[in-house]
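Visitor: Could you take me through this entry with a few questions and answers, so that I can follow each step of the reasoning?

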Amino acid sequence: MLHNTIIMKHDLGDRERLDKARIIKVASLTALFGNLGLAAMKITTGILSGSLALIGAGVDTSVDVLIAAMALFVSRIIARPADESHPWGHGRAETVATALLSFMLFFAGSQLILSAGRDIFFGAERDVPSFPALIVTAISIMGKLLLATSQYLLGKKADSPMLKANAKNMSADVLLSVGVLVGLGLSMLFDIAVIDSWAALAVGVWVIKAAFGIFLEANTELMDGGSSKKYYSRVFDAVHSVAEAGKPHRVRMRRIAGFWAIDIDIEVPSRLTVTEAHTIARKVERAIKARIENVYDIMVHVEPEGNQETESFGISEENFLPPAPGGS
């Protein structure tokens, strides 16, 4: 019976992993071809119409094409099962890809700022962009809105930080394109070419800001952080819901590609047999899964009541209790 339970647990993990990989693949193909069309349209029109802001927006969309290609590659990696070299599986490939995504965005934003800054501060001669740039920017706003929505919905379904980051990036692109549209409109209305350069500069700053935010999120997961207080509280509540399980401590929670891996120590009465203690540990495991979604693995370490070992890692319930009256 225990052997069958273990097989079912592994099959469930494999099924979730493969489903996630399939959703990421669909999202990546959608983003790849959608952004490829928009990037080609914006860069070509930007060059022909003389709009630096539109070219910059096209470069930003070209980065989205690279991101989609990278996500497609990552979907194949995370579909692989755990092996001797990667006992935790290959889910962190998605987090690494998300960090790389932020570097790509930072580079694209920096280049755009340099180009726009050169025009603004060194007085480069430029013509006012032509009307087609305005039309293409409006089309781009609608296209990016559809792509951002699809990435968000698929990212939510797969609980994929990479797809959610890409959706956030594309949502920023919608606002970015609105800024480009306003800059182009003002440039044409007042016949002042440098307004387009200022719009391009704003686009670059926006891209760098988005890159920084995405990097912070990816870095948190790479450093095994980000498990907020509410998740630890749910773990402690789960332990207290099981009879004869107590003193939850040394709790460590990490996210791997949207799934939780949880380690926890508990104390049980020392009179219990190994089998009885194991049964309590399994009840704690089920109680935690009932309170926290997307748990891939839980390790419950059982100790006898009154254990005095010094704990070097993890979070104890005492960390969440309010300070005693008069305490510091």
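Guide: Two strands are said to pair if DSSP finds at least two bridges between them. Please keep in mind that this is a predicted model.

Visitor: Which residue in β3 does Ile262 stand opposite?

Guide: Strand β2, which spans residues 259–268, is mostly covered, with 9 of its 10 residues buried. Over 9 bridges β2 pairs in the parallel sense with strand β3, residues 295–304. The chain passes from β2 to β3 by way of helix α8 (residues 274–291), in a β-α-β crossover that is right-handed. Within this pairing, the residue in β3 that stands opposite Ile262 is Ile298.

Visitor: Is Lys42 buried or exposed?

Guide: Lys42 belongs to helix α1, residues 2–49, and its side chain is joined to that of Ser140 by a polar contact of 3.2 Å. Buried means under 20% relative accessible area. Because Lys42 has a relative accessible area of 2%, this residue is buried.

Visitor: How many charged residues are in the lining of the second largest cavity?

Guide: The structure holds 2 cavities of 30 Å³ or more, and the second largest has a volume of about 30 Å³. Helices α2 (52–78), α3 (92–121) and α6 (194–222) each supply at least two residues of its lining, and among the lining residues are Gly56, Asp60, Leu112 and Val207. By class, the lining of the second largest cavity divides into 5 nonpolar residues and 2 polar ones, while the number of charged residues is 1.

Notes. Residues numbered from 1 in each chain as written. Predicted model: local features only at pLDDT ≥ 70, side-chain atom pairs only at ≥ 80, totals over all residues. Heavy atoms only, no water. Buried < 20%, exposed > 50% of the residue type's maximum accessible area, 1.4 Å probe, protein only. Helix = DSSP H or I, 4+ residues; strand = E, 2+ residues; numbered from the N terminus. Right-handed = clockwise from strand over helix to strand, strands pointing away. 1 Å grid on protein atoms, 1.4 Å probe; cavity = no way out; pocket = protein on both sides within 12 Å on 5 of 7 lines; lining within 4 Å. Points joined across faces, edges and corners; volume = space filled by probe spheres on them. Nonpolar A, V, L, I, M, F, W, Y, C, P; charged D, E, K, R; others polar. Polar contact = N/O pair within 3.5 Å; in protein donor to acceptor, adjacent residues only side chain to side chain.
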